[in-house]
Amino acid sequence: FARNDLFTAEQQYDSSLDAFKIRLGMPTRQPLIIAPSEVIVPEPSLDSVAAVVTAFEFRLDLQTTADQVDDARRQVKIARNELLPDLDLFADVTVPTDPAKDEGGVDFSLGDGSYTAVFTFGSPIERTVERARHRESLINFERAQRSYTLQRDRVAQEVRNTVRGIQQARFSLQLQNRNVKLAERSRLGLKLQERRAPIRDVINAEDDLLDAKDRQDEAVRNLRVSILRYLLTTGQMRVSSAGQWLAPARLVPLSEPSPDGLDEPGGSRDPDPLTDRSGHVNIDPRWVQPVRIVRPMMTP
């Protein structure tokens, strides 16, 4: 069974490697070696209200929708202007010069000039087409407003879901850390009684410890993915020109651990296991804040 699991894992790794080559635009026959590396992803300071406000400021798709609302508002103003009376002014001034001179200079004969000024006033009597355009622009503006409001609500929902996902992943990691400790204690107890303990119990203890460590690694992976998903949802995911991830300054280490060492989701948290042993977090200062969103007014 172990050999079969190993063979299955190798096949899955090769398939994932080929899919990664396709994503990079590489030929699948070209050899590629994945260098082992670890990306330090500290847990952000979780605040649902602040996270939603950050998403409203930094989500580029939401800014695009807000710009569309502004465009629809300008179309309403243009259509409303077409309903107003028309007043046009036309002026023409002709000053003759001496035809015998190559250059007239400033010696004009003002008395021989002709001057014309025309005012044209158009009364808005028949504006059926203009009224139809104005009504259409109002409908488009209300539609753009609804789309913007709906997208804001969806963004807020996504952000709250990612915050809850981080809390759940964090709580699961704490459980797996405790599970590993219990498995280590169980194996140590059997090691001390190895001569009297059945060999099958020793093997089961080794398997339990291995499974606990696998679940711990999976919990660490889930926590990191949930944090990256949180950054992507709030619009804080930044990648440098070299393809490296730039951590925003809002990612901070966690607070002190609770007395029992196990926190409920959403409660106080112990130090982040994803940081180094000294407690320092690798924060890239090159992260640049994007342009803040300009919230459109909700009236035309």
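Mentor: Contact here means heavy atoms within 4.5 Å. This is a predicted model, where local features need pLDDT of at least 70 and side-chain atom pairs count only at pLDDT 80 or more, while totals for chains, interfaces and linings use all residues. Residues are numbered from 1 along each chain as its sequence is written, and side-chain values use heavy atoms, leaving out hydrogens and water.

Trainee: Which residues in H3 do Ala 55, Phe 56, Glu 57 and Phe 58 in H2 meet?

Mentor: Happy to help! Helices are DSSP runs (H or I, at least four residues), numbered from the N terminus. From H2, the four residues you list reach across to Leu 60, Leu 62 and Gln 63.

Trainee: Where does Arg 152 lie, and how far from the ring centre?

Mentor: A charge sits over a ring if NZ of Lys or CZ of Arg is within 6 Å of the ring centre and within 35 degrees of the ring normal. Arg 152 is over the face of Phe 56, at 4.0 Å from the ring centre.

Trainee: Which residue with positive phi follows H5?

Mentor: Look just past the helix. With phi near 80 degrees, that residue is Gly 235.

Methods: Helix = DSSP H or I, 4+ residues; strand = E, 2+ residues; numbered from the N terminus.
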